[in-house]
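User: I've got a model open and I'd like to learn how to read its features. Can you walk me through it?

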Amino acid sequence: MVGGPLGAHAIVGRSRFWTPLRVVLLMAVVVLASGWLGKAPCLQQHSVEGGGLALDWRDGRQYVSMCYSDTVPLYGIENLDKATALPYRDPWTENAGTDRERVRYMEYPVLTGFFQYANARLADGWLWLAQWVPLLPSGLPVVVYFDISAAWLALAWLAVVWAVRLLRPNRPWDAALVALSPLAAVHVFTNFDALAVACATGGMLALARRRPVLAGVLLGIGGAFKLYPLMLLLPVLLVAVRRRDPGPAVKAVGGAAIAWVAVNLPVAIAFPTGWWEFFRLNQTRIADPDSLYFVVQHFTGWAGFDGELTDGQSPVVLNAVIAALFVVCCAGIALLALRAPRPPRVASLAFLVVATFLLVNKVWSPQYSLWLVPLAVLALPRWRLLFAWMLVDALVWVPRMFYYLTPENRGLPPEWFLGAVVLRDAFVVLLCVLVVRSVLRPGADPVRGSSSADPHRDDPDWPGPSHTRSPALALPAARRRAEARLGVAGQ
């Protein structure tokens, strides 16, 4: 039903509806539905004094039920409940009346900010329509807003599954691994990162289909949701240098630059302070509990690279260390690409770049792990290993929620959560080691194998000349020949 090596007596093409693509999309729908149900306890309402309704987050429900999503609190925090408050233009005051009072703006990149604003206005329209159409389900504005956002995020993740399926036409079980990912069930609705993941994976598909300009545009648009899709340009450049085929890389970089500037420039010119808020916030953030820096600080009592900081003060030394470490990692990846016995695959280098960024960064928000899911599947499609990693990474959510609950409220001490963070990072390091091994030993790569001696035929993600007749195009003819031999053609 979902694909696999053909047997000697296989009858191919008899199912008219349940194609492998539709099967894996159905799997993804089931997982996404379970993910929405996991967030549903945080959408419950209760009566308040005066006969109104309020969201039931009493007694730390968002942590006890492990249903927390940034979407819900941001609706009120970032003025999304006010139709006249335009992101990046209109600020709000944080901690008003205290010595920590500060003027704040939308803290997300441009497209993510306007995505939230558009969904808030759609929620307003839905509630207005529900007044005249009693059959429409209704609720608090924040609940309707969450559900509308979740619908778009679910479609974005389905696009990720679809793109992986088309990138590996002869390996539908790889797309099934993305569809069944525990990380998707836990984190697709935790924040808005599924949008960037869809753009990044779509960009890789466009590159493989010999449309490098479209690939660059998708990566640039993805960079306007979250910056990480722009990191994929480095692997494209490295593979282009190694293959001595600069054309696709130049077009992709150009398309990405034009798309990113076209989206950001109007907002940067009109509302420069609001547009800069995302970058300012990332500069001033200290090491989060998700990072290895915080783990070391907690267990050793180390004060960090910058020592004690005042509120709002940037950790200048930490930021410099992170930048230096990431540059070193990228230099190592470049050396690997140039010294490998065969030109490495785009997916392999892309996974290494994004994984090393997360490992050395001062922030690893839980939904960031979604960035790695399609890249890991495309780079190292080993079911048991990847499913074990994704399960461990998804289960970090449990001690995280009870860490935020605090021991005083029957939560867990921080050591439980920090230990889970170290275990997750160790798993990602192991994946990086195995990907490096597959680059240095192409015969160990489950995608390319050891049989291909043609450097243009062993990377399905690169738009090489061999794509004039790719496995995806040859497959229908093989099916017709198999059916003819078995006497079932035309049935």
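Analyst: Sure. Let's begin with exposure: a residue counts as exposed when its relative accessible area is over 50%, and as buried when that area is under 20%. Bear in mind that this is a predicted model. Take R410: its relative accessibility is 79%, so R410 counts as exposed. R410 sits in the loop between α18 and α19.

User: What is the phi of R410, and what kind of value is that for a residue that is not a glycine?

Analyst: Phi of R410 is about 65°, which is positive even though the residue is not a glycine. T406 is another non-glycine residue with a positive phi, near 75°. T406 is also in the loop between α18 (397-405) and α19. At 27% relative accessible area, T406 is partly exposed.

User: And P20, is it buried or exposed?

Analyst: P20, a residue of helix α1, has a relative accessibility of 18%, so it counts as buried. If you want a distance to check in your viewer, the C-alpha atoms of P20 and G139 are 38 Å apart, with these positions 119 residues apart along the chain.

User: How do I read burial for a whole helix? How many of the eight residues of α6 are buried?

Analyst: Seven of the eight residues in α6 (residues 172-179) are buried, so the helix is largely enclosed by the rest of the structure. The buried ones are P172, D174, A175, A176, L177, V178 and A179. They pack against α1 (20-39), α5 (141-167), α16 (372-379) and α17 (383-395).

User: Now helix pairs. What should I look at?

Analyst: Two packed helices are described by the angle between their axes and the distance between those axes. Try α14 (residues 316-339) with α15 (residues 346-360): their axes cross at roughly 160° and come within 9 Å. That makes α14 roughly antiparallel to α15, given that angles over 145 degrees count that way. The crossing is right-handed.

User: Which residues of α14 and α15 meet?

Analyst: From α14 you have I322, L325, F326, C329, I333, L336 and A337, and they meet L349, L352, V353, T356, F357 and V360 of α15. By class, this contact has twelve nonpolar residues, one polar and no charged. The spacing has a general background: an α-helix has 3.6 residues a turn, so residues three or four places apart point the same way.

User: At what angle do α13 and α19 pack?

Analyst: Helix α13 (residues 292-300) and helix α19 (residues 414-440) pack at about 135°, and their axes are 10 Å apart. These two helices are therefore oblique to each other. Here α13 passes α19 in a left-handed crossing. On the α13 side the contact uses L292, F294, V295, H298 and F299, while α19 supplies P414, E415, L418, V421, V422 and D425. The contact divides into eight nonpolar, one polar and two charged residues.

User: Last one, nonpolar cores. Which members of the largest core touch the most other members?

Analyst: In the largest nonpolar core, which has 126 residues, W157, V188, F351, L372 and W389 touch the most other members. Helix α5 gives the largest share of this core, with 17 residues. Leaving out residues up to four places away in sequence, F351 touches L372, L375, A376, A379, L431, C432 and V435. Another core of seven residues lies apart from the largest one, and its members include V396, L418, A420 and V421.

How values were computed:
Residues are numbered from 1 along each chain as its sequence is written. This is a predicted model: local features need pLDDT of at least 70, side-chain atom pairs count only at pLDDT 80 or more; totals for chains, interfaces and linings use all residues. Side-chain values use heavy atoms; hydrogens and water are left out. Buried means under 20% relative accessible area, exposed over 50%, partly exposed in between (1.4 Å probe, protein chains only). Helices (H or I, at least four residues) and strands (E, at least two) are DSSP runs, numbered from the N terminus. Contact means heavy atoms within 4.5 Å. Axes are lines fitted to C-alpha atoms, for helices over the stretch in contact, and angles run from 0 to 180 degrees between N-to-C directions. Angles under 35 degrees count as roughly parallel, over 145 as roughly antiparallel, 65 to 115 as roughly perpendicular and the rest as oblique. A crossing is left-handed if the near helix is turned anticlockwise from the far one by less than a right angle, and right-handed if clockwise. Ala, Val, Leu, Ile, Met, Phe, Trp, Tyr, Cys and Pro count as nonpolar, Asp, Glu, Lys and Arg as charged, and the others, Gly among them, as polar. A nonpolar core is a set of buried Ala, Val, Leu, Ile, Met, Phe, Trp, Tyr and Cys residues joined through side-chain atoms within 4.5 Å.
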